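Biologist: I would like a close look at one part of this model. Please take me through the largest nonpolar core and its setting.

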Amino acid sequence: MKRQAEGDECRHENSMKRAFPIFAVLTAVLLSYALYEALVAAPTEQTMGNVQRIFYYHVPSAWTAFLLFFINFVCSIQYLVRRDKVADSIANWVAIVLGVAACAAAVVIRPLPSGVEPSSVATTGLAITGLYFLVKRYFSGSRTDALALVTAEVGVVFCTVVLVTGPLWARPVWGIWWTWDVRLTSTLVLWLIYISYLMLRRFSASGQTPVLAAALAIFGALDVPLVYFSIWIFRTQHPQPVIGGGGSIDPRMLHVLLINWLAFLCFAALICWSRYRLEVLQREVEEIHAMKGLQDPRSSG
Amino acid sequence: MNFLYAAYSATWIIHIIYLVILVRRYHSLRNEIDELKKGKPTPGH
């Protein structure tokens, strides 16, 4: 069984290796097209003018960072629960119940909060369940931990883009670079939590580091809904959401926004794949060093 | 327009810096693997 699983994994990796250059070229084309759409094809906003076009990079970067932190959350939970069979089966059932409950809530609960579509509630629930079992199926053992590290690192890169492009939009529109508003502050806290996660992974030499990091990641992920829903819950200076939440957007602008998000998602997937390969390779090298140290204790010092 | 170009440039500068870090890490790992294959002790180990 184990040999068959290893064979499947090897075949899967080989096909991914072949697909990588094609995917890289397609992503480059899509990013170029998205840039053209954002800078040239999208209509100019009447009150803000051209500076509004920052939105086509700022918002997709934020959504991509949230998605990556969510994958990190799923991986961290799986890394922790797989250490215990009972916890693992409880987590499986929780994931299933969550998907079913979201579908039921979309049908039963009336009225839903303003701007929340029933289809988006059901899709979110099913996406959570689907992602949970997808990670479980394709990433086993320490590979779950590797994926958690990779998604946190790439998520921090995208979150940095959000924190840099936000003030560059705010300065000409609000007249200030930064304000301690709930949305802005919670995003900064989110970034700091994941920076501390990466520092823990980088500098801690304890064998329990992945467990501690997984626990920290679960707390960090709790900040994501706070960031996202802060503009619904609190009175903030940040603009209201353009999709859902009662906001409106020109269909041509929405088209450009979604094209840019797709391009950034492909780009994030490409970076994650490269970084994941690097992480797996690095762990293999560390394992070889450890084996060598065991065989020849003098060389390990 | 300056803020718009600054934001777009900053985005790509951040991504390119991260990609350069990844490429450097990859090269250093490749060197380590080559040294392991030759059987030489690597620095730090």
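Modeller: What follows starts at the core and works outward to the chains around it. The model is predicted.

The largest nonpolar core has 62 residues. Two of them, Phe158(A) and Tyr194(A), have the most contacts inside it. Domain 1 (24-72 + 141-285) and domain 2 (83-139) of chain A both contribute residues, so the core lies between them. In soluble globular proteins, nonpolar side chains tend to be buried together.

Take Phe158(A) first. Leaving out residues up to four places away in sequence, Phe158(A) touches Ser61(A), Thr64(A), Ala65(A) and Leu68(A). Ala268(A) is also on that list.

Now the two domains. Domain 1 of chain A is written in two segments, 24-72 and 141-285. Domain 2 of chain A covers 83-139. Taken over C-alpha atoms, their centres are separated by 22 Å.

Next, the chain that holds both domains. Chain A has nine helices and zero strands. Its pattern along the sequence is α-α-α-α-α-α-α-α-α. Of the contacts in chain A with a separation of 6 or more, 77% are between residues 24 or more positions apart. Buried residues make up 30% of the 301 residues in this chain.

What about overall dimensions? The C-alpha trace of chain A spans about 70 × 45 × 40 Å along its principal axes. The radius of gyration of chain A is 22 Å. A compact globule with 301 residues would have a value near 19 Å, which agrees.

Last, the partner. Chain B has one helix and zero strands. Of its 45 residues, 11% count as buried. Across the interface, 23 residues of chain A are in contact with 20 residues of chain B. On the chain A side, the elements that give two or more residues are helix H5 (142-174) and helix H9 (251-295). H5(A) gives the most, with nine residues. By type, the chain A side divides into 13 nonpolar, seven polar and three charged residues.

To return to the core: the 62 residues include Phe158(A) and Tyr194(A), and the core lies between domain 1 and domain 2 of chain A because both give residues to it.

Notes:
Residues are numbered from 1 along each chain as its sequence is written. Chains are lettered from A and ligands numbered from 1 in the order in which they are written. This is a predicted model: local features need pLDDT of at least 70, side-chain atom pairs count only at pLDDT 80 or more; totals for chains, interfaces and linings use all residues. Two residues are in contact if their C-beta atoms, placed from the backbone, lie within 7 Å. Helices (H or I, at least four residues) and strands (E, at least two) are DSSP runs, numbered from the N terminus. Ala, Val, Leu, Ile, Met, Phe, Trp, Tyr, Cys and Pro count as nonpolar, Asp, Glu, Lys and Arg as charged, and the others, Gly among them, as polar. A residue is buried if 20 or more other C-beta atoms lie within 10 Å of its own, exposed if 12 or fewer, and partly exposed in between; C-beta atoms are placed from the backbone. Domain bounds come from an automatic or database domain assignment. A nonpolar core is a set of buried Ala, Val, Leu, Ile, Met, Phe, Trp, Tyr and Cys residues joined through C-beta atoms within 7 Å. The radius of gyration is taken over C-alpha atoms; the globule rule is 2.2 Å times the number of residues to the power 0.38.
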